[in-house]
Amino acid sequence: MERALDVLELLSSSTFLSGESLAKTLGVTRAAVWRHVAFLKKAGVEIRAISGKGYKLCDDYEPLNPNLINEGLLKRGCEGYDTVDVVKVIDSTNAVLSRGYAEKRLVALFAEYQLAGKGRREDRWICPPGAGVCFSLSRWFDQPQASFSSLGLVVGIAVVNALKTLGIEGLKLKWPNDVVFRDAKLAGILIELRTEVSGPSFVVIGIGLNTCLGARVRDTIDKKVIDLKEVSGKIFSRNVVASVLLSGLERDLKVFGQRGFEPFISDWTNLDYLLGRTIRIDSGSKSVVGKVEGVDKIGALLLRCNGVVKQFLSGHITEL
Ligand code: BTN
């Protein structure tokens with residue numbers, strides 16, 4: 001499977017490449033090249049094949065490169081990461097960092113392609129190779145229970161503010177932590193915690209940002225999704241996007257570790273997509289309809305129903 005990503009990289013630097021020249025460069029058979037191309041297509045990469053000419057990518061592909069990401073971090077004065085790694089194919093960056101239980105304070109792991117990308121509520125996260133920026137951070141926090149219920153909200157704010165530095169405006173946050181443009185999802189966040197009753201806490205933060213999904217893949221996803229290309233009309237370097245996100249996250253997670261959610265509340269209010277909307281929230285066996293009044297100081301959703309404001313720490317939202 002790693003080899004399929006090598007095929008993708010070779011195709012990105014050329015107009016057309018024949019199966020024969022791909023096979024020669026990679027030292028594999030033409031049948032193997034065919035299998036790798038089939039794998040990429042199945043994963044959602046749009047590839048044109050023209051007889052006599054060979055294969056060509058329909059969209060640009062810029063491989064993630066840890067050196068370029070680190071250069072970008074340095075340029076932004078961000079020195080907080082112990083490690084920034086890029087792997088080609090992996091089950092899920094969240095799963096790997098959760099299993100690793102790294103001793104390092106702050107680690108970032110990117111994947112070109114996840115075979116089992118995890119979404120919230122047991123959903124799959126679908127993103128073809130090169131079509132997004134998918135990564136996880138693992139971070140230790142000194143405090144045992146630093147009101148982690150608001151951590152996802154802080155991560156969402158960090159993502160939106162980081163993208164703003166690239167000129168991407170108009171993004172909102174849908175509680176608890178979907179990044180949306182108008183009513184379509186641009187990025188998702190998955191937080192997995194290992195908090196102890198006392199002592200420090202280990203947190204894995206997974207982020208999937210769509211950069212250039214393509215219409216075919218968008219149609220296979222059962223909710224309205226959008227990518228950076230459509231939001232901005234531009235194609236951004238994935239390595240630049242990666243370093244901008246890492247640098248914003250490092251800064252905001254540090255503030256969160258020291259001061260909790262309080263410094264972020266006004267940003268949340270400005271970015272709150274649901275504020276004032278009527279929604280239904282399903283949490284456990286309970287289903288409540290009401291009007292959103294924002295969040296409280298621990299990041300819980302406040303919903304006014306029948307004159308009473310109720311607080312929710314989790315749940316599935318449906319707009320009405
Ligand atoms: C959501 O459902 O909105 C959360 C999506 C989180 C996806 C990212 S992609 C990188 C990281 N690894 C995973 O397996 N999931 C997260």
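R182 has its place in the loop between β7 and β8, and that is a good spot to begin a walk through this predicted model. Phi of R182 is near 55°, a positive value in a residue other than glycine. Is R182 buried or exposed? With a relative accessibility of 63%, R182 counts as exposed, because the exposed class starts over 50%.

A second residue invites the same kind of look. N306 sits in the loop between β12 (301-305) and β13 (308-312). Its phi is near 50°, again a positive value in a residue that is not glycine. N306 is exposed too, because its relative accessible area is 81%.

Let us step back to the loop between β6 (171-174) and β7 (178-181), where P176 lies. Here the backbone has a cis peptide bond, which joins W175 and P176 with omega at about 5°.

For a contrast, turn to I47, found in strand β1 (residues 47-50). I47 has a relative accessibility of 10% and therefore counts as buried, the limit being under 20%. I47 and V37 are ten residues apart in sequence, and their C-alpha atoms are 8.0 Å apart in space.

Now for the ligand. Where does the ligand sit? The space it takes is the largest pocket. Around the ligand there are 20 residues, and the closest are S92, Q114, K118, R120 and K185. By type, the residues of this shell divide into six nonpolar, ten polar and four charged.

Which elements each supply at least two residues of the shell? They are α5 (93-100), β5 (132-141), β8 (184-194) and β9 (201-210). The largest share comes from β8, with four residues.

Three contacts between protein and ligand can be set side by side:

| Residue | Protein atom | Ligand atom | Distance |
|---|---|---|---|
| K118 | backbone N or O | oxygen | 2.6 Å |
| R120 | backbone N or O | oxygen | 2.7 Å |
| T93 | side-chain N or O | nitrogen | 3.0 Å |

So how much of the ligand does the protein bury? Taken alone, the ligand exposes 410 Å², and the protein buries 98% of that.

To look back over the route: R182 counts as exposed, N306 is exposed, and I47 counts as buried. The ligand, for its part, takes up the space of the largest pocket, with K118 and R120 among the closest of its surrounding residues.

Note on methods: Residues are numbered from 1 along each chain as its sequence is written. This is a predicted model: local features need pLDDT of at least 70, side-chain atom pairs count only at pLDDT 80 or more; totals for chains, interfaces and linings use all residues. Side-chain values use heavy atoms; hydrogens and water are left out. A residue is near a molecule or strand if one of its heavy atoms lies within 4 Å of it. A polar contact is a pair of N or O atoms within 3.5 Å; within protein, one must be able to donate a hydrogen and the other to accept it, and residues adjacent in sequence count only if both atoms are side-chain atoms. Accessible areas come from the Shrake-Rupley method with a 1.4 Å probe; for residues, only the protein chains shown count as cover. On a 1 Å grid over the protein atoms alone, a cavity is a set of points where a 1.4 Å probe fits but cannot get out, and a pocket is an open set with protein on both sides within 12 Å along at least five of seven lines; lining residues have an atom within 4 Å of a point. A molecule sits in a cavity or pocket if more than half of its atoms lie within 2 Å of its grid points. Ala, Val, Leu, Ile, Met, Phe, Trp, Tyr, Cys and Pro count as nonpolar, Asp, Glu, Lys and Arg as charged, and the others, Gly among them, as polar. Buried means under 20% relative accessible area, exposed over 50%, partly exposed in between (1.4 Å probe, protein chains only).
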